[in-house]
Amino acid sequence: MKFFDVIVIGGGISGCEAAKKIARYNKKVLLVEKEYIGGTCLNFGCVPSKFYLSVAKRYEEIKHDVELGLIQGAVKPQLKFIMEKQREVVKQLRNGMMLELNQNYVEIIFGEAELNLMGNEKQVQIGGDLFCADYIILANGSSSIIPSCDGIEESCMEKFVLTNREIFTMQQLSQKVVVIGGGVSGIEMAYILHELGSRVMVLEEADMILRAVDRTLAFELLQLLRKKGIDIILNCKVTDIVDGCVVYQQNEIEEVCECGGVYLSIGRKGNVEMLPEELKRTKDKKFLEVNDTYQTNIQGVYAIGDINGKSMLAYSASMQAEIAVRDIFEKEHIVQKKNVIPQIIYTHPEVAYVGLTEEKAKAEGILYSVAELSMNYSGRYVIENREMTKHGMIKLIISDDETILGGGFISCYASELISTLVTVINQSMTCDEILQMIYPHPTEIEVIRDCIKKWKQRKERD
């Protein structure tokens, strides 16, 4: 039996971050990964999807260039070459992560880890080898939820229904694709497939797409995507997938949609099935329960990243790794502000939101005001986005003491702009403090000041 100070199970973003931080304390750390370093984010999620999104956006721009006469002749995406380039990017980033782990003297073993919590020792078996540690950090990640409708299992086996693990290995585009789920992943994939040439229908059970995002921004994006030609059906339930068709109900009427493939994106669950029963699960049994420092109900066993279901995002998983490792070695509790984790949808234009939504503020009985402004107040936005000037906007939720509670953008650079709002909310800055900040011109970020100025002028008039 070999001893380590900490064993980290799962080599995704959170697991790798935790292992590196542990090593910097000059502690012996073992990282166990059963498949690929980088986990879902690097191999089957964020990175490949953003690569395809960059291709889709570039292709959309090229089509506009053709219309303007800047490019002559037909341009058609070659899926085989796109896929090869995407694999090269993933491999390059994965090798970079491996190099960094090696430079920090993290020991890595590839294999299936079996955790044993019986008795006082925490043991991990990998194949025929047994390892022991004072602390265990579980970073097992998550997997797609498969609904219980008829025909789903057979369709998954036949690759007619694809999840995020299979979609980036598709060899050809179907003429028509049904996307089940109108969350972030579903909407991003709908945009990608539409721009690359497929006819796309999105089926969403709720009355709006992007339920975690402010409803005003979600509705604006809904209108824009429909205008692009993506068919989005709300308030519907998929009941059957059979013979190349998706059957769904809307307003108690059964509809049948024939298609060439299905992308399934209705949510994710933590990979908890093979973990010891001693570890307490959440009420829905999908995740592990943790406290504010991400420790489970078992002393010395932590759960970070997707497996705890707190925030299914790579960048928040990295912060969870920081908090857990500090709790182990410094007993220092980092206060992590809630609601300051940005949500980003990388369509074109992008949508980004952080903090309280108007719906949540209303539900919690918080007194607030709404400030909204068109992105047309930004000269740069108008210059660079002639075809989308009707849709760009900023929305802010402002408290009675004039601090920013939440806010977001629809803009081509929303994913970059949102970081300013993260800082503003995290530091509890007032509107007057924001107005004292000087932004460069011409930039899109200037609309924050313009939005607050217009809001204060309206407030004074009222």
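The exercises below, each with a worked solution, concern helix packing, burial and backbone geometry in a predicted model.

**Exercise 1.** Classify the packing of helix α7 against helix α8, and state which residues make the contact.

Solution.
- Step 1. Helix α7 covers residues 184-195 and helix α8 covers residues 215-228. Their axes come within 11 Å and cross at roughly 20°.
- Step 2. Angles under 35 degrees count as roughly parallel, and α7 is therefore roughly parallel to α8.
- Step 3. The crossing of α7 with α8 is left-handed.
- Step 4. On the α7 side the contact is made by I187, Y191, H194 and E195, and on the α8 side by L221, L225 and K228.
- Step 5. Sorted by class, the contact of α7 with α8 has four nonpolar residues, one polar residue and two charged residues.

**Exercise 2.** Do the corresponding analysis for helix α1 and helix α4.

Solution.
- Step 1. Helix α1 (residues 13-23) packs on helix α4 (residues 79-103) at an angle of about 25°, and the axes are 9 Å apart.
- Step 2. With the cut-off for roughly parallel set at angles under 35 degrees, α1 is roughly parallel to α4.
- Step 3. α1 and α4 cross in a left-handed sense.
- Step 4. I13, C16, A19 and K20 are the contributors from α1, while M97, E100 and L101 come from α4.
- Step 5. The class count for the contact of α1 with α4 is five nonpolar, no polar and two charged residues.

**Exercise 3.** Describe the crossing of α1 with helix α9, giving axis distance, angle, handedness and contact residues.

Solution.
- Step 1. Helix α9 spans residues 314-329, and the axes of α1 and α9 come within 8 Å. The crossing angle is roughly 35°.
- Step 2. The handedness of the crossing of α1 past α9 is right-handed.
- Step 3. From α1, the residues in the contact are I13, S14, E17, A18, K21 and I22. They meet A314, A317, S318, A321, E322, V325 and F329 of α9.
- Step 4. By class, the contact of α1 with α9 has eight nonpolar, two polar and three charged residues.
- Step 5. I13 appears in the contact of α1 with α9, and I13 is also listed in the contact of α1 with α4.

**Exercise 4.** Compare the span of helix α14 with the expected value, then find its buried residues and what they pack against.

Solution.
- Step 1. Helix α14 (residues 447-461) has 15 residues. From first C-alpha to last it reaches 21 Å, close to the 21 Å expected at 1.5 Å a residue.
- Step 2. The buried residues of α14 are V447, I448, C451, I452, W455 and K456.
- Step 3. These buried residues pack against three strands, β20 (368-374), β21 (393-399) and β22 (404-411), and against helices α12 (414-426) and α13 (431-435).

**Exercise 5.** Are K456 and E60 buried or exposed, and which residues do they touch?

Solution.
- Step 1. K456 lies in helix α14. Buried means under 20% relative accessible area; K456 has 17%, so K456 is buried.
- Step 2. Leaving out residues up to four places away in sequence, K456 touches E402, D432 and L435.
- Step 3. E60 is located in helix α3 (residues 46-68). Its relative accessible area is 8%, so E60 is buried.
- Step 4. Under the same exclusion of residues up to four places away in sequence, E60 touches Y191, E195, K228 and H348.
- Step 5. Y191, E195 and K228 also belong to the contact of α7 with α8.

**Exercise 6.** Locate the cis peptide bonds at P349 and P442, and the positive phi values at N26 and K159.

Solution.
- Step 1. Most residues other than glycine have a negative phi, and most peptide bonds are trans.
- Step 2. The H348 to P349 bond is cis, with omega near 5°. P349 is in the loop between β18 (343-345) and β19 (350-355).
- Step 3. The bond joining H441 and P442 is cis as well, with omega about 0°. P442 is in the loop between α13 and α14.
- Step 4. N26, not a glycine, has a positive phi of about 60°. N26 sits in the loop between α1 and β2 (29-33). Exposed means over 50% relative accessible area; N26, at 73%, is therefore exposed.
- Step 5. K159 has a positive phi near 65°. The loop between α5 (152-157) and β8 (161-162) holds K159. At a relative accessible area of 52%, K159 is exposed.

Conventions. Residues are numbered from 1 along each chain as its sequence is written. This is a predicted model: local features need pLDDT of at least 70, side-chain atom pairs count only at pLDDT 80 or more; totals for chains, interfaces and linings use all residues. Side-chain values use heavy atoms; hydrogens and water are left out. Axes are lines fitted to C-alpha atoms, for helices over the stretch in contact, and angles run from 0 to 180 degrees between N-to-C directions. Helices (H or I, at least four residues) and strands (E, at least two) are DSSP runs, numbered from the N terminus. Angles under 35 degrees count as roughly parallel, over 145 as roughly antiparallel, 65 to 115 as roughly perpendicular and the rest as oblique. A crossing is left-handed if the near helix is turned anticlockwise from the far one by less than a right angle, and right-handed if clockwise. Contact means heavy atoms within 4.5 Å. Ala, Val, Leu, Ile, Met, Phe, Trp, Tyr, Cys and Pro count as nonpolar, Asp, Glu, Lys and Arg as charged, and the others, Gly among them, as polar. The expected span of a helix is 1.5 Å times one less than its number of residues. Buried means under 20% relative accessible area, exposed over 50%, partly exposed in between (1.4 Å probe, protein chains only).
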